[in-house]
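Trainee: Please take a close look at the aromatic pairing in this model, and then place it among the packing and the charged contacts of the chain. I would like the cut-offs stated along the way.

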Amino acid sequence: MAPVLVTGVTGFVGAHLAERLVARGDEVRVLVRNPARLPDAAWVSSVEVVQGDAGDPQVLARAMAGVGVAHYLLHAMSDGDDYAAADRVLATTFATAAAEAGVQRIVYLGGLLPPADSELTEHLASRDEVAQILLGGSVPAVVLRAGMVIGRGSASFDLMEVATRLLPVVVGPTWLKHKMQPVGLEDLLHYLVGVTDLEGEVRRSFDVGGPDVVTYRELIQAHARAAGRRVPSTLLFPVLLPHTFSLLVGTVAPGPSSLNAALVHSLSLDMVCTEHDIDDLVGLPPGGRTSVEAALRQATQRP
C-alpha cells in the first residue's frame with residue numbers, strides 16, 4: 001500500500017491519527033516544520049519524518065512522493081489577523097502539490113456549519129473556505145465537518161477543564177444555551193481512518209458527531225461530573241458580547257488567545273449535524289457512536 005501522509009502531527013488530532021495508522025500497520029509519513037516538537041511517543045520511531053514548511057511546494061513534493069492519501073490537518077490560526085489569507089494560500093498550495101504528486105485523495109478535518117440562516121464567524125468561514133478549495137481541486141477530497149472534539153489535549157476540552165477546575169461560577173452570555181453536537185476522539189479517529197480506506201472517487205463533505213445534542217452549559221456540567229468535581233454554577237448575561245467573553249476566557253485558558261476567541265465565538269451558533277451519511281460509507285464506530293458522558297469519562301481518565 002502507498003504511504004499515508006499526515007500533517008499537523010504536532011497537534012492534538014494529527015498525533016492521535018498518526019498513532020492509530022501506525023498501530024494498524026500503515027506506512028506513515030509525517031510533515032513537520034520542527035521535528036523537535038514531535039510528541040515523545042513510541043509511534044514516532046515508526047514514521048518517516050519529512051522536515052519543512054507545508055507552504056513550500058518543494059517540501060510538499062518530497063512529502064507527497066508516492067503517497068496515496070494525504071491528511072490535511074493544518075490551519076494558520078495564531079495571534080495574527082491574517083490567518084484566513086494564510087489558510088487560503090496554504091490550502092491552494094497543498095491541493096496543487098497533491099495533484100502534481102499524483103495523490104489519490106485528500107482528507108481534511110473542517111468544522112460543522114451552523115444553520116443556513118446564520119452568519120458564519122470569521123474562523124468558521126475560513127475553515128469552510130479551505131474545505132471548498134480542497135473540494136474544488138483536481139484531487140478528490142473528503143471533508144469531515146466536526147464540532148467540538150472531546151479528548152484531553154483538545155483546545156475545547158481544555159477550556160472546559162479550566163471552567164470546571166478553576167472557576168466556582170462560570171459567567172457567560174446567554175448564547176451558552178445554543179446547541180452543539182460534540183464528537184468523541186475515538187469516534188473521530190474511526191471516521192478519519194475509515195475515509196483513508198475508501199475505494200473509488202469520493203468528493204464531498206460529511207458531518208460527524210456523537211449521538212447527543214447538548215448546550216455548552218450542559219457540557220460543562222457533564223464534564224464536571226465525569227471528572228468527579230463539583231458542578232459549577234453558571235450565570236448568563238444577555239449583554240455579554242462575544243469579544244468581551246473571549247477576553248475573560250483568555251485570562252485563564254491555555255493556548256493562543258486567537259484560538260480561544262474563535263472557539264468562544266462559535267458558541268454563539270447552533271452547531272449540529274444535518275446528516276450522518278458517513279456511517280453508511282464507513283460504518284459506525286465499534287459499539288456505536290459514543291455518548292457525551294462516555295466520551296468525557298474516557299477523556300478525563302486518559303493520562
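Mentor: What follows begins with the aromatic rings and moves outward to the cores and the salt bridges.

The model is predicted, and so local features are given only where pLDDT is at least 70 and side-chain atom pairs only at pLDDT 80 or more, while totals for chains, interfaces and linings use all residues. Residues are numbered from 1 along each chain as its sequence is written, and side-chain values use heavy atoms, with hydrogens and water left out.

A search of the whole structure gives two aromatic pairs (rings of Phe, Tyr and Trp, the last by its six-membered ring, with centres within 6.5 Å; planes under 30 degrees apart are stacked, over 60 edge-to-face, and the rest tilted). In one of these, the ring centres of Tyr72 and Tyr108 lie 5.7 Å apart with their planes at 55°, so this pair is tilted. Because Tyr72 belongs to strand S4 (residues 69-72) and Tyr108 to strand S5 (residues 105-111), the pair ties together parts 36 residues apart in sequence (helices, H or I of at least four residues, and strands, E of at least two, are DSSP runs numbered from the N terminus). Tyr72, at 1% relative accessibility, counts as buried, as does Tyr108 at 2% (buried is under 20% relative accessible area, exposed over 50%, partly exposed in between, with a 1.4 Å probe and protein chains only). Phe94 joins Tyr72 and Tyr108 in one aromatic cluster.

Val103 sits in the loop between helix H3 (83-101) and S5, and at 6% relative accessibility Val103 is buried. Not counting residues up to four places away in sequence, Val103 touches Met64, Val67, Gly68, Val69, Ala70, Ala98 and Val139 (contact means heavy atoms within 4.5 Å). Val139 is 36 residues from Val103 in sequence, yet the two C-alpha atoms are 6.9 Å apart. Across the protein chain, 79% of the contacts between residues at least 6 apart join residues at least 24 apart.

Nonpolar side chains tend to be buried together in soluble globular proteins. Here the largest nonpolar core holds 38 residues, and Val6, Val9, Leu17, Trp43, Leu144 and Leu188 have the most contacts inside it (such a core is a set of buried Ala, Val, Leu, Ile, Met, Phe, Trp, Tyr and Cys residues joined through side-chain atoms within 4.5 Å). Among the elements that give this core two or more residues are S5, helix H1 (12-23) and strand S6 (141-146). A second, separate core of 29 residues includes Leu5, Leu90, Ala97 and Ala131.

Turning to charge, the whole structure has eleven salt bridges (a side-chain nitrogen of Lys or Arg within 4 Å of a carboxyl oxygen of Asp or Glu). Arg24 and Asp26 form one of them, with closest N and O atoms 2.3 Å apart, and both belong with Asp197 to a network of salt bridges. Of this pair, Arg24 is partly exposed at 37% relative accessibility, whereas Asp26 is buried at 13%. Another joins Glu293 to Arg225, the closest N and O atoms being 3.3 Å apart; because Glu293 lies in helix H11 (residues 292-301) and Arg225 in helix H7, this pair ties together parts 68 residues apart in sequence. Glu293 is partly exposed at 32%, and Arg225 is partly exposed at 47%.
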